[in-house]
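This report describes the salt bridges of one protein chain. The sequence and model come first, and the pairs follow.

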Amino acid sequence: MNYGMGYYYHYDWTYLLVLVGAILSMVASARVNSTFNKYARVRSMCGMSAAQIARKILDRNGLSNIPIEQIGGNLSDHYDPASRVLRLSDSTYNSASVAAIGVAAHECGHALQHQEGYKPLTFRNTIVPAANFGSKAGIPLILIGLIFGVGGNFLIQLGIWVFSLAVLFQIVTLPVEFNASKRALVMLEDYGILGEQENRQAKKVLSAAAMTYVAAAAASILQLLRLVLLFGKRRD
């Protein structure tokens, strides 16, 4: 039995890269949920709901034309640049907690990025179709290449390049998310919405959320590295 396990890892140790990526993602997800739940129980002194705060921030920045919609789910909040709509989840919309207000302000940060033509956001929006294609077609192309044997090396290489588009999207997402959080915290403080201690608490929520994007990027990079290593091994 021990020999079999040792042989397995010797044969394809690159599975460890996928395992590391999965662990990073699970840890980041658990952290953001626990942090959000903790500060979701802390009611802000302003007493306004996250939706009201979002409306205030948008209006103050000349974005009164952007509607705010309530959607189902937990932490499914997002700004849709195509429809120019800010959507807040059930756990955020009517909540007056520090956590909910921080998340709502973060999404307003994305709306401001869109308004100003923030270059990383513009680039990310541009590559969305290619990234979606890469995440769906990359692995199938590699598998088809394996079926064709030596003649499928081109498909394998193409699959890796296509998959790298999805990885690129994850990497470009990082400055977009960090910048939106930075904008959110500045606005919450400058507009007098949250007090100093509340702002620190909101920062903890947004920092935990940012780590999920870092983990996702790391996991996708590790997956790409694995594919490159396997392709090199096959080519040799």
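In this predicted model, R87 forms a salt bridge with D80, and the closest N and O atoms of the two are 3.1 Å apart. R87 has a relative accessible area of 16% and is buried. D80 is buried as well, with a relative accessible area of 17%.

R183 pairs with E116 in another salt bridge, where the closest N and O atoms lie 3.0 Å apart. This pair links distant parts of the chain: R183 belongs to helix α8 (residues 153–190) and E116 to helix α5 (residues 98–116), with the two positions 67 residues apart in numbering. R183 is buried, its relative accessible area being 18%. E116 is exposed, because its relative accessible area is 51% and the cut-off for exposed is over 50%.

Salt bridges with shared partners also join E69, D80 and R87 into one network.

A salt bridge within a helix is formed by R55 and D59, whose closest N and O atoms are 3.1 Å apart. Both residues lie in helix α3 (residues 50–60), four residues apart, which is about one turn of the helix. R55 counts as partly exposed at 24% relative accessibility, and D59 also counts as partly exposed, at 38%.

The closest N and O distances of these pairs are listed below.

| Salt bridge | Closest N and O atoms |
|---|---|
| R87 and D80 | 3.1 Å |
| R183 and E116 | 3.0 Å |
| R55 and D59 | 3.1 Å |

How many salt bridges does the count come to? The count is six, and the pairs in the table are among them.

Technical notes: Residues are numbered from 1 along each chain as its sequence is written. This is a predicted model: local features need pLDDT of at least 70, side-chain atom pairs count only at pLDDT 80 or more; totals for chains, interfaces and linings use all residues. Side-chain values use heavy atoms; hydrogens and water are left out. A salt bridge is a side-chain nitrogen of Lys or Arg within 4 Å of a carboxyl oxygen of Asp or Glu. Buried means under 20% relative accessible area, exposed over 50%, partly exposed in between (1.4 Å probe, protein chains only).
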